[in-house]
Amino acid sequence: MKQLLLGLFFALPIAAEPLTFERLISSVETEPAVLAGEKKKNAIQTGTSIKLWNSLELQYKLDGFGFMEHDFELRFKPKVFGEGNSTKSYWEAQSSYQQSRADFYRSYFVYERYERALRYLTQKRKQQLHWDMETVNKDRLEVLHLKSGSETFSPDNLISALERESELQAKLIADSNALRDIEMKFRSWVEFDSVALDSGFLPSISEIESILKGNLIVDDTYPAVAMAKQKWNVESKQYEQEKTGANKIISSIGIGYKHSFGSYEYDSVKTGTYSYDYENKVAVADKEWKITKKDDDRRTRDKFYATLSLRLPFFGTDGGDETKRQLDVLEAESDYLDEKRDITQKVARIREETLALIAQRNVQKNFVERVDAGDVFEEFAARSGSDPLLLLRAKDVSLESEMKALELEYEIYSRYLIILDYAGKLAAKDISKHFEWENR
């Protein structure tokens, strides 16, 4: 037993795998909404065969409890001309609706995972920048301690550096907590022993800018719009199906067979004797009725028959059902137009916001590039005579600018993921197609 437990203990870490984007995105297949969507599509595809009639039933009638009469009837309700095609069109529309619904939910769940992965990678970079800032601040404290006895020493700078140290320590703790929370969310989707995510799956900022400045048109391929349109199509096809069925004249046709066993039949026969009462001088008749069976007392009477049920539409009313169905169709059409307009407005607003963020990010990156190239350091050095505090301040400003650029990049990518979700690009099962924009 001890050896078995040790074997299991050492086997557990080996069984776990790193978290990659492939494993993270593939976990979408286990979502209840995705599984339910697949079941609905399969049910529609396997359970929508077109029948030759609406219903076929066998009726049996027993007359009394003597088991002498048995009535069998085969009755079926025929389809109206064109009803089969309208039924087929309805189920095709229902299948398309379920497909668009499945794409809608799949795209959302994939977006949720990409967004959480983006947040994780951003938080990791923030943590690294905070570490770099903490290193710069430690150098600053060291310089201030060395200059504590000089004329250029400023207590305010020392206090600012100490406050900065506390601030950065708090931010590093927050970074660790945020990363732990994100990893816990990852584990709710898939088990792993380490995180092996990288930002290589994302397009560059320039590529995003080029896509957003291109011809980005909201059409019926967007899952939310497609779902609303297919819902409208389902309501229309159902209305057509019901209208076709309302033209039915023959409700049912039946062919029957009645089997009867003949019961015993009897005749009443008058019998009796006559006598004479001499005392009273009258005749006395002693007579009675007797029941006798006929000779053909056991007979079988069989017969076939046909039934026909006709519908009389001019004597009835639909009770407002047709009007209600027309309103349902018009309501579905209105929902489709509203959804398309709403998505168009959202995409346009997000595109403008993203382009504005890209412009801000470019300004921050240009400044960081100047710092990295040494231009800013040379300016500080020329003005300060190589004052180490000013040089450290330049490094700190560079890191702050890089942090702002990072935050802007997160906002850019998060909005871009929303556009991908709206466009249905994330609904593709092939991960390599999530960021492709052919024919756009």
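Q: Let's start with lysine 171: is it buried, exposed or partly exposed?
A: Keep in mind that this is a predicted model. To read accessibility, take the relative accessible area: under 20% is buried, over 50% is exposed, and partly exposed is in between. Lysine 171 comes out at 31%, so it's partly exposed.

Q: And where does lysine 171 sit?
A: Look at helix H5, which covers residues 155–189. Lysine 171 and tryptophan 131 are 40 residues apart along the chain, and their C-alpha atoms are separated by 9.7 Å. Lysine 171 also belongs to a network of salt bridges with shared partners, along with Arg164, Glu167, Arg393, Asp396 and Glu400.

Q: How do I read a salt bridge, say the one between arginine 106 and glutamate 29?
A: Look for a side-chain nitrogen of Lys or Arg within 4 Å of a carboxyl oxygen of Asp or Glu. Here the closest N and O atoms are 2.4 Å apart. Then ask where the partners sit: arginine 106 is in helix H4 and glutamate 29 is in the loop between H2 and helix H3, so the pair ties together parts 77 residues apart in sequence. Arginine 106 is buried, at 6%, while glutamate 29 is partly exposed, at 33%.

Q: Which parts does the salt bridge between lysine 126 and glutamate 407 tie together?
A: Those are helix H4, home of lysine 126, and helix H10, home of glutamate 407, and the two parts are 281 residues apart in sequence. The closest N and O atoms of this pair are 3.9 Å apart.

Q: What about arginine 349 and glutamate 353: where do they lie?
A: They're both in helix H8, four residues apart, or about one turn of the helix. Their closest N and O atoms are 3.4 Å apart. In total, the structure holds 27 salt bridges.

Q: Now the inside. Which residues of the largest nonpolar core touch the most other members?
A: A core is a set of buried nonpolar residues joined through side-chain atoms. This one has 51 residues, and the best-connected are Tyr114, Phe186, Leu197, Tyr222 and Phe435. H10 gives the most to this core, nine residues. Setting aside neighbours within four places in sequence, tyrosine 114 has contacts that include Phe21, Leu417 and Phe435.

Q: And on the surface, which residues form the nonpolar patch?
A: Find Leu56, Leu58, Tyr60, Leu62, Phe72 and Leu74, which together have about 570 Å² of accessible area. Strands E1 and E2 each give two or more residues to the patch, and E1 has the largest share, with four. Phenylalanine 72 is in strand E2 and is partly exposed, at 34%.

How values were computed
Residues are numbered from 1 along each chain as its sequence is written. This is a predicted model: local features need pLDDT of at least 70, side-chain atom pairs count only at pLDDT 80 or more; totals for chains, interfaces and linings use all residues. Side-chain values use heavy atoms; hydrogens and water are left out. Buried means under 20% relative accessible area, exposed over 50%, partly exposed in between (1.4 Å probe, protein chains only). Patches are made of residues with over 30% relative accessible area and no salt bridge: like charges are joined within 9 Å, nonpolar side chains (Val, Leu, Ile, Met, Phe, Trp, Tyr) within 5 Å. Accessible areas come from the Shrake-Rupley method with a 1.4 Å probe; for residues, only the protein chains shown count as cover. A nonpolar core is a set of buried Ala, Val, Leu, Ile, Met, Phe, Trp, Tyr and Cys residues joined through side-chain atoms within 4.5 Å. Contact means heavy atoms within 4.5 Å.
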